Amino acid sequence: SAKGLDVESGTGTANNVKVDAKEGLNLAVTATSGDAYGIAASGDKAQANIGKINNVEVAATNGDAYGLLAAGGAKVSDDQTSSAGSVTVTENTAGKAAYGLAASGDKSALNLGTVDSVTVRSAGRGYGLYVGKDSEISGAVGSIDVLDSQDAYGIYAPEESASANVIITGG
């Protein structure tokens, strides 16, 4: 697998990571065998506070691909005062999945200001925004574009306890 920015919390520890790139963060991650993560936080004590995000590009072969991910109770947030650029995710293997913005499990939260565009290309399943059980995604998104070979979802929140508080601006 390949990881851009990965924050994990272990038992009894708290990981708080703040990234402050004055000109904005540009991140490109490619995995040729396994999962690929652009910005990911996992575990109930993990927090990633990202400053300005320009572009996140993630590609995976033989694995799932995630642009921005909060899992297992983690929190990911960006600079709410400036817009993020694009999140582009490509997954090249049938039967695998690509996720643009995802929050999954145990009160995970992805709290963003504005994301200009989310683009997902997948040989398997593709999700622009994926909100799992007991999780939340909030913010504004200019556009969501999902193209894949099996199943395509712009916004997918299959559980009653999922919260997608997202405004699509059409920008």
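**Close-up 1. S77 is a buried residue, at 18% relative accessibility.** The model shown in these views is predicted. S77 sits in strand 8, which spans residues 75–77. Its side chain meets that of N49 in a polar contact of 2.8 Å. N49 also appears among the contacts of S77 beyond four places in sequence, together with A48, I50 and N111.

**Close-up 2. S138 is a buried residue of strand 13.** The strand covers residues 136–148. S138 has a relative accessible area of 14%, so it counts as buried. Leaving out residues up to four places away in sequence, S138 touches L110, N111, L112, N165 and V166. T114 lies 24 residues from S138 along the chain. The C-alpha atoms of S138 and T114 are 9.4 Å apart.

**Close-up 3. T119 is buried within strand 11.** Residues 109–122 make up this strand. T119 has a relative accessible area of 18%. Buried means under 20%, so T119 falls in that class. Setting aside neighbours within four places in sequence, T119 contacts V87, T88, V89 and D145. Y99 is 20 residues from T119 in sequence. The C-alpha to C-alpha separation of T119 and Y99 is 9.3 Å.

**Close-up 4. N111 is a contact of S77 and of S138.** N111 falls within residues 109–122, the span of strand 11. S77 belongs to strand 8, and S138 to strand 13. S77 touches N111. S138 touches N111 too, along with L110 and L112.

Terms used: Residues numbered from 1 in each chain as written. Predicted model: local features only at pLDDT ≥ 70, side-chain atom pairs only at ≥ 80, totals over all residues. Heavy atoms only, no water. Helix = DSSP H or I, 4+ residues; strand = E, 2+ residues; numbered from the N terminus. Buried < 20%, exposed > 50% of the residue type's maximum accessible area, 1.4 Å probe, protein only. Contact = heavy atoms within 4.5 Å. Polar contact = N/O pair within 3.5 Å; in protein donor to acceptor, adjacent residues only side chain to side chain.
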